[in-house]
Each structure stands twice: as structure tokens, then as C-alpha cells.
Amino acid sequence: MPGRSVTVVGLGPMGQQIVRAYLAAGVAVTVWNRTPEKADGLGAERADSIAEAVAAAELIVLSLTHYDAMDAVLDSVDLTGKVVVNLSSDSPQRTREGAAFVRARGGEFLSGGVMAQPEELAGSSAYIFYSGRPEVFEAQRELLRPLAAAEYLGADDGAAQVYYQAMLALFLPLLLGYEQALAIIERSGSEIARFLPYAQRSLGSLGDLYAAWAGMAEEGGLADAAYLRMMAAGARHVVETGTAVGVDTVLAESVSSYWDRAVGTSASTFQLLRR
């Protein structure tokens with residue numbers, strides 16, 4: 001890949017790691033950021049303007065907060081002959097609008113969703129969802145390889161964000177739930193370090209559990225009355241435990257409300273979530 005070059009726009013933690021991954025792979029990198037000082041020490045070529053940055057390479061990788069930021073940055077730039085890969089987070093529909101925005105300015109477009117923390121980028125566990133025109137993805141596949149394994153999802157520009165946001169829907173409540181569990185342990189007078197091995201042990205069964213629940217979801221979800229009553233009772237007990245030790249229970253109460261509604265309607269929680 002020597003001799004290839006990319007431009008990276010946006011130098012937050014993920015953008016900076018993208019630059020490092022490319023430089024480590026021997027790719028020449030030009031960068032631009034609204035705050036130029038963020039490029040200090042990265043070892044990349046710093047462009048003085050966004051137009052100069054875009055002119056420096058065919059592949060333009062964006063790592064911004066959302067798609068409105070892309071519009072603001074590229075609004076006055078000619079993108080003819082350029083491929084914009086936007087790794088920013090946004091809704092699938094907003095992503096499709098962003099793709100049209102890029103193409104209206106002469107460029108090609110790929111959407112990406114990075115499934116890694118910045119420090120994990122280019123590691124064995126990292127991967128990136130991509131979507132957009134297949135011929136564009138295939139033409140850029142090798143130059144995207146230094147970032148992470150690629151999971152191409154098809155021509156729909158919004159597909160990468162559908163999967164990325166679904167993964168966030170899974171991860172964010174899980175992270176908050178874990179923090180709530182840690183708070184319960186700490187406020188109850190026990191030690192987080194003592195609890196950690198049990199939390200880690202629980203992860204071992206998640207793969208099989210996800211597979212089982214995916215199968216049930218395809219059939220409409222589990223609506224067995226005895227099972228729903230058991231889960232509803234357990235969810236209420238989490239709320240009561242958190243309340244007793246002074247832990248915020250907003251998340252637990254929301255979870256509990258779904259099981260209570262499922263009991264009341266004899267519907268599965270999956271059916272309730274689809275409405």
C-alpha cells in the first residue's frame with residue numbers, strides 16, 4: 001500500500017486513532033480539523049483549509065460528531081473524483097440524506113459504523129460496518145483495511161447505521177446496567193473488585209442467550225405467562241434493591257415497566273418494543 005494517501009477530517013479521539021492506524025500501515029495522511037492544534041504530534045500533513053485537505057487525496061475519511069457537521073464542513077467543496085467515507089454516527093435516514101449531499105457535489109459515498117473504542121482500532125477485535133454502492137466499496141476496500149476488518153452490508157446507504165445504532169441500542173443500556181450493578185454493590189457495603197469476576201462470568205453465556213432470543217424474536221418473542229410474571233417480579237426487585245441503597249433507578253424502572261406491561265397484555269416484550 002505504499003504510495004497511497006488519504007485525508008482524515010475530524011481529530012477527536014477516534015479521528016486521531018484513524019490517523020495513527022494509517023501512518024502505521026505506511027499510508028500518507030493529510031488532516032484537517034477546526035481546531036488545528038489537535039494535529040500536533042500526529043505526524044500527518046496538516047492542511048490549511050478543508051479545500052486543501054480534500055484536494056490532497058481521493059479517499060476522504062470523516063470522523064465527526066454527526067452528519068450536520070459533514071454538511072457544514074463540505075458545503076462549499078467540490079467533491080468531483082473523491083470518495084467520502086463518513087464514520088460519524090447518525091440516524092439511517094440522515095445518513096441517506098448525507099449520501100445524496102455528497103453525490104450532488106460530484107463525489108462518491110460510503111457510510112461506516114466503527115465497532116471499536118478508539119484504542120481498539122486496527123486490533124483483532126475491531127470491525128467496521130460499511131454500506132453504499134458496491135463498486136465504490138470494492139475500489140476502496142484495500143485502503144480501508146488498515147482501520148479494521150470490514151463488514152459490508154450492501155448498497156443501501158443507511159444500512160451501516162441501522163446495524164451500528166442497533167449495536168448501540170444493545171451496548172448503551174448494558175453499560176448503564178453494569179454501572180447500576182456496580183453502584184448497588186458499592187452502596188451495599190461490598191467491594192466492586194469482589195463482584196467483578198461474577199459479572200465477567202455472566203458474559204460467557206450471552207452468545208448462546210442472544211442466539212436463543214433471536215430465534216424467539218423471529219417467532220414473535222416469548223409470551224409465556226409464568227415466565228413473564230417471573231421476569232416482572234425480578235425487575236421490580238432490582239428497583240427495590242436500588243431504592244433501598246440510594247442508587248438511581250430510572251433505568252431499572254423503565255425495564256420493569258416493560259415486563260409489567262407484558263404481564264398485563266400477555267404480549268412478549270419484543271412485541272411491545274416493535275410497536
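In this predicted model, a good place to start is the bridge that links S5 to A28 of strand β2. That bridge belongs to a bigger arrangement: β1 and β2 run parallel to each other and pair over five bridges. A little further along the pair, T7 sits opposite T30 of β2.

T30 itself lies in β2, which spans residues 28-32. Its relative accessible area is 13%, and since anything under 20% counts as buried, T30 is buried. As for its company, leaving aside residues up to four places away in sequence, T30 touches V6, T7 and V8, along with E45, A47, A53 and A56. So T7 turns up twice here, as the residue opposite T30 and as one of its contacts.

Strand β1, made of residues 5-9, is mostly tucked away too: four of its five residues are buried, so the rest of the structure largely encloses it. Besides β2, strand β1 has β4 (residues 59-62) as a partner, and these two also pair in the parallel sense, this time over four bridges. Within that pairing, V9 has L62 of β4 as its bridge partner. The stretch from β1 to β2 includes helix α1, residues 13-24, and the three elements together make a right-handed β-α-β unit.

Zooming out, these strands are part of an open sheet of eight strands with mixed pairing, in the order β3-β2-β1-β4-β5-β6-β7-β8. At its edges are β3 (45-46) and β8 (149-152), each of which pairs on one side only. E45, already met as a contact of T30, falls within the residue range of edge strand β3. On the subject of sheets in general, side chains in a regular strand alternate between the two faces.

As for the whole protein, there are eleven helices to go with the eight strands. Its 275 residues include 40% that are buried, and the C-alpha atoms fill a box of roughly 65 × 40 × 30 Å along the principal axes. Looking at contacts between residues at least 6 apart in sequence, 58% join residues at least 24 apart.

The accessible surface adds up to about 14,400 Å², with 55% of it belonging to carbon and sulfur atoms. Finally, the protein carries 21 positive and 32 negative charges, and the mean positions of the two sets are 3 Å apart.

Key. Residues are numbered from 1 along each chain as its sequence is written. This is a predicted model: local features need pLDDT of at least 70, side-chain atom pairs count only at pLDDT 80 or more; totals for chains, interfaces and linings use all residues. Side-chain values use heavy atoms; hydrogens and water are left out. Buried means under 20% relative accessible area, exposed over 50%, partly exposed in between (1.4 Å probe, protein chains only). Contact means heavy atoms within 4.5 Å. Two strands pair if DSSP finds at least two bridges between them. A crossover is right-handed if, with the strands pointing away from the viewer, the path from the first strand over the helix to the second runs clockwise. Accessible areas come from the Shrake-Rupley method with a 1.4 Å probe; for residues, only the protein chains shown count as cover. Lys and Arg count as positive and Asp and Glu as negative; His and the chain ends are not counted. The place of a charge is taken as NZ of Lys, CZ of Arg, CG of Asp or CD of Glu.
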